[in-house]
Amino acid sequence: MSGGFDRRSFLKLSLAATAAAGTLGAAFAAEPGTYVSGDAAPAHVEPDTWTYSTCGFCGTGCGIEIGTKEGRPVAIRGTKGYPVNDGLLCAKGIYQWKMITAPDRGKHPMVRKDGTLVQASWDEALTAMTDKLKGLLAEHGPESIACYNTGQLCMEEFYTLGKLMRAGFRTPNLDGNTRTCMASAVVGHTRSFGTDGPVGAYADIEAAEVILIAGSNMAECHPILFARVVKAVEKGARLICVDPRLTQVSRIATIALPIRPGTDVVLLNAMAHVIIREGLIDRAYIDAHTTGYAELEAHLRKYTPAYAAEVCGVPAEDIEAAALLYGRAERSLSMWVMGINQSVNGTIANNCFHNLNLIQGKIGKPGCASFSITGQPAAMASREVGGSSSYPGYRAIGNAQHRAEVAALWGVDPAILPDKSPAITEIIDAILEGKIRALWVICTNPLISLPDQNRVRRALEKLELLVVQDAFATVDTAQYAHIYLPAVLWAEKSGIMVNSERRLNLLKPAVAPPGEARTDFAIFLDVADRMGYGHLFPYRTTEECFEEIKRLTKGRPNDYSGATYARIEENRGLQWPIPDERSTGTPRLYADGRFNTADGKAVLWSVDPVELPEVPDGEYPFNLNSGRVQEHYHTGTKTRKVPELNHLVPTAYVELNPRDAEQLGVGYGDRVRIESRRGEIEARVVVTSQVAPGSCFVPMHFNEGPVNRLTVWAVDPFSKEPNYKQQAVRLRKA
């Protein structure tokens, strides 16, 4: 960092998180216009029924049981003995039942008339929707229609939507908000291993001797997995934490590396340099199971710890120590999430993690893995069955053979299947250019979650048809909708979700939907029937749909052939591949050293970092970072309905280092205006040494302080994932 900042002193500063649970709630009042959160918790009500299900929040995939009393939700508990969480739940998981009865649940379809959304019947709403889509198809063709979905549907819904958009509407314009969190991991896995798919299992956390966590405040974002990390540390495991912020993960780390934002590739290359220099590689494994080693060895010669220290802003000896600690351990594990993925360097940083483990032969072994942790409960399912940027069974959009295989199984002409898949940022640009005229938004909130919100707002205003399908009628994006369709929540439907360790988990309905709300699955089938595509969907239940999905994954990397709803529940989840009914799942991929590339070998990539799209300067001197807090999720559409969570963290805030707060003349609770080249917001100040001087952090959950109004419109060149973690801003007292 500039200004002579000493990171060694920084590591010794107080790590007190003044934004910890309870502090904000005590000091800050909720802002006017925030989400309705209902009354405080009533007296305890004892459930009369408990229903098996899976948590609807992050990609950890905790087993839960939903407690109901006379058909109404009154409690949630973790499932004892479930291999993911063994009864543990985080605050979001415990309280998620309260959002089911939120007063702003969508109960009826709505159609905009004279500028106002008014209640309509399902027939009126879907007739208006499909008539407009038929007209656009006739006049402008399939590419005039687009769909943007989520990571929170069930597998069968993702599959049905993908089939509807690609084989029905025949449009390439299908993407999901998984693009904004996991796309770099998807492409990184594919470039290194041949196909997507996390390689390890949660059990590897507690089996590891050394754990490297980068770009993830796991204590806040994946607290149940972090509990496993804590357990491993208590048993003697060493922890390396790489994060520009000093987080709860840093507090228990053996080595904390608070690197400059966006310098991950340089750090990881330097660690690989040290491991090669010290002979800590597995040469037999490299020769038998990888390609590109000679090029990588030569490429990494310039990435000395001294060079990396200058770029990353951490001492060379700390980089050396981290590399030696990781390299000398027999069992090393690396984990990362959005702090790595959400960058123009996201894909190649993923490749650097894979390099680090491949050169040591630390893939497919207990306690060893390159472990990308997923952000949403069903994001993996979307990746596996064609919910966004691929075809089912990890088949590539641009691969003619793969399209022919899908066409044969679907009974359609392969010529009708699109051979491209634009990213949501490209879809937004195409709307602004007038090429896309209709957008169907499903269970996501792009007005708050996408970067450069002013650009997104202009695109939504330009659309001839915007359909918003969501469980909550107040979702921000609905203010521009021509049609609103009320969908159900996870506790009101059946289907499968897949978590970060490839575990198929089951949803079972515990309560009836409110009003006329329907499952997304039922809505998709109704639209298909009205459009004349019903012949493509011989199934009418999610379980029947899963049987068709199994046929498309047979023999593929994510083979589900041996799974059934009953077996998934009986085994408390099954990790794919599950090739037959004798299989109880596969904890780790590539244990035999055989990868999904043409020659069966993993690829070692020699990469240099891409220049960041924006860095602090004299006009905008701060780097802005954004992310989650433990109490909330994404754009707050669900968690801000829960009084207990909203009380703890009720409003937008910005973390500032004490030195910067003093220079700006602001203190705890003061309001500041944060400005970028794209817009401005206001937020309350939290003074904390968790952030370095010259940096600030704003959570992403608050529509009254929408941080993505500030973020830059730039994407990773390989994955097209937006760059959320590095942008230049200035601050002044409001």
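Here are a few notes on the cores, cysteines and backbone of this predicted model.

1. Some ground rules: residues are numbered from 1 along each chain as its sequence is written, and side-chain values use heavy atoms, without hydrogens or water. Local features need pLDDT of at least 70 and side-chain atom pairs pLDDT 80 or more, while totals for chains, interfaces and linings use all residues.

2. Start with the largest nonpolar core (buried Ala, Val, Leu, Ile, Met, Phe, Trp, Tyr and Cys residues joined through side-chain atoms within 4.5 Å), where buried means under 20% relative accessible area, exposed over 50%, and partly exposed in between (1.4 Å probe, protein chains only). It has 172 residues, and Met155, Met335, Trp440, Trp490 and Leu504 touch the most other members. Helix α11 (residues 264-277) gives the most, with 10 residues; helices (H or I, at least four residues) and strands (E, at least two) are DSSP runs, numbered from the N terminus. A second, separate core of 26 residues includes Ile431 and Leu463.

3. Don't go hunting for disulfides (cysteine sulfur atoms paired within 2.5 Å): the structure holds zero. Cys181 is buried, at 5% relative accessibility, and its sulfur is too far for a bond because the closest cysteine sulfur, in Cys58, is 12 Å away.

4. Now the backbone. Most residues other than glycine have a negative phi, and most peptide bonds are trans. The Trp576 to Pro577 bond, though, is cis, with Pro577 in the loop between β21 (574-575) and β22 (602-603).

5. Arg170 has a positive phi of about 60° and sits in the loop between α5 (155-168) and β7 (174-176). Arg170 is partly exposed, at 44%.
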